[in-house]
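I opened this model to look up its annotated domain, its strands and the surroundings of its ligands. My entries follow the order in which I looked.

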Amino acid sequence: MNPSASELERDAHDAAIRREYLHTQIEKNHDKNPLNLTSVSRWEDEVGLAPIINRRVLELDPLPSPAAVLQSLPLNDQARKLIVESREEIRAVLSGEDDRLLVIVGPCSIHDPQAALDYAQRLGRVRKELEENLLIVMRVYFEKPRTTIGWKGLINDPDVDGTHKINKGLLLARQILLDVLSQDIAAATEFLEPTSPQYISDAISWGAIGARNTESQVHRQLASGLSMPVGFKNATDGSVSVAVDSVITAMQEHTFFGIDHQGRAAAVETLGNPDCHVILRGSIHGPNYDAQSVEQALKITHEKIDHECIATHGVVIDASHGNSGKDEVQQVRVVRNIAQRVAEDEPGISGIMIESFIKGGNQEAAPLSQLEYGKSITDKCISWDDTHALLHELSDAVQKRRDTHTLRS
Ligand SMILES: O=C[C@H](O)[C@H](O)COP(=O)(O)O
Ligand SMILES: C=C(OP(=O)(O)O)C(=O)O
């Protein structure tokens, strides 16, 4: 059926709005495109598909290729060594070959490069001091999965002002990772967008798939090709079974849609990732960090996986999120509870996750100039002073556990 005159008029009107929008965006956002890419034209206009496709797409802003970003901000030799060694150490702790506790600690999200470096300097010093008992890795989270809407993290919106300069966010995130690694501390992150790992995953030693994505085939496939250990959170409704299914799925080979390092669409074939495990993060129904929940999670894992692996050895417990009701005071109690249980040699606790920043609590997300320094703009975090004390308590707990084992043998 031919479009009516009024439909044609509306299409022309929509196309004019899109073109004007594109033009003003390019004019306005020079720094959005730091690698000087030329914008794509409205291809659908040229091939006569304008009434059919991209009806609700305002802009397709080209991103640099992963190779261009990796080459413009390369890992140095110290960082390469740290990443290779820390991935192996994490694997050894998760499998029980190394008797330390894995501690993934740091801000809920990164929004300020200066504060991230400041935090990494502090954590780098404690990491060294406590390395005999704790394997400390910094949370360097750039992508935030939201329950509904909200700031989606530094890669998506680096200026926290709704301008969504992803080009800038990618380079900034990578620079922050290099700064963190320069403090001799390995980095952990959540992988959210299926193509963003090509830009940063070389700098990551441990990855997470969040509670909102744990049942997603796309994320399970992604994890199957990642080069580092990956933890899957239990679902927001508390299901641990889906996280175990994720581990099983990610351990297998897959072929799926992705991009290569030149940024070209690619059929990605993966080997499978044997270094996956479950993270207990509590749920909308309450916490699951207690001994019975750990035991139950491992029971489900053993029922579904018939061979010994990292996932059957133990879980990582997230002291924040559903386990603390996102309350930093409660998070301190949860960490103390876990420290006590580690000291008492409770089996199955391979690691702990803590949301911590320089100042405790959180504040509303806003552009950097309007923010209090060193305070979270997403979930509430434990202050640095409390974190420092808790890391020492966790270290003492691991030492006590080791002493018990030595006495027994
Ligand atoms: O870790 C951060 C948050 O818990 C997660 O992004 C969800 O946040 P929201 O419920 O405020 O959207
Ligand atoms: C979003 C996070 O956690 P979860 O997926 O458990 O909500 C997080 O760790 O930042």
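The entries below go from the domain to the barrel and then to the ligands.

I noted that this is a predicted model, in which local features need pLDDT of at least 70, side-chain atom pairs count only at pLDDT 80 or more, and totals for chains, interfaces and linings use all residues. Residues are numbered from 1 along each chain as its sequence is written, with chains lettered from A and ligands numbered from 1 in the order in which they are written.

**Domain.** I found that UniProt, in an unreviewed entry, places "domain: DAHP synthetase I/KDSA" at residues 92–390. Such annotations may be inferred rather than shown by experiment. I read 34% helix and 19% strand for this span; helices (H or I, at least four residues) and strands (E, at least two) are DSSP runs, numbered from the N terminus.

**Barrel.** I traced a closed barrel of eight strands with parallel pairing, β1-β2-β3-β4-β5-β8-β9-β10. Two strands pair if DSSP finds at least two bridges between them. I checked β2 (residues 134–139) and β3 (residues 187–190), which run parallel and are joined by two bridges. Met-138 stands opposite Ala-187 in β3.

**Ligands.** I listed the residues near each ligand (C-beta atom, placed from the backbone, within 6 Å). Around ligand 1 I found, among them, Cys-108, Lys-144 and His-321. The residues around ligand 2 include Cys-108, Glu-190, Arg-281 and His-321.
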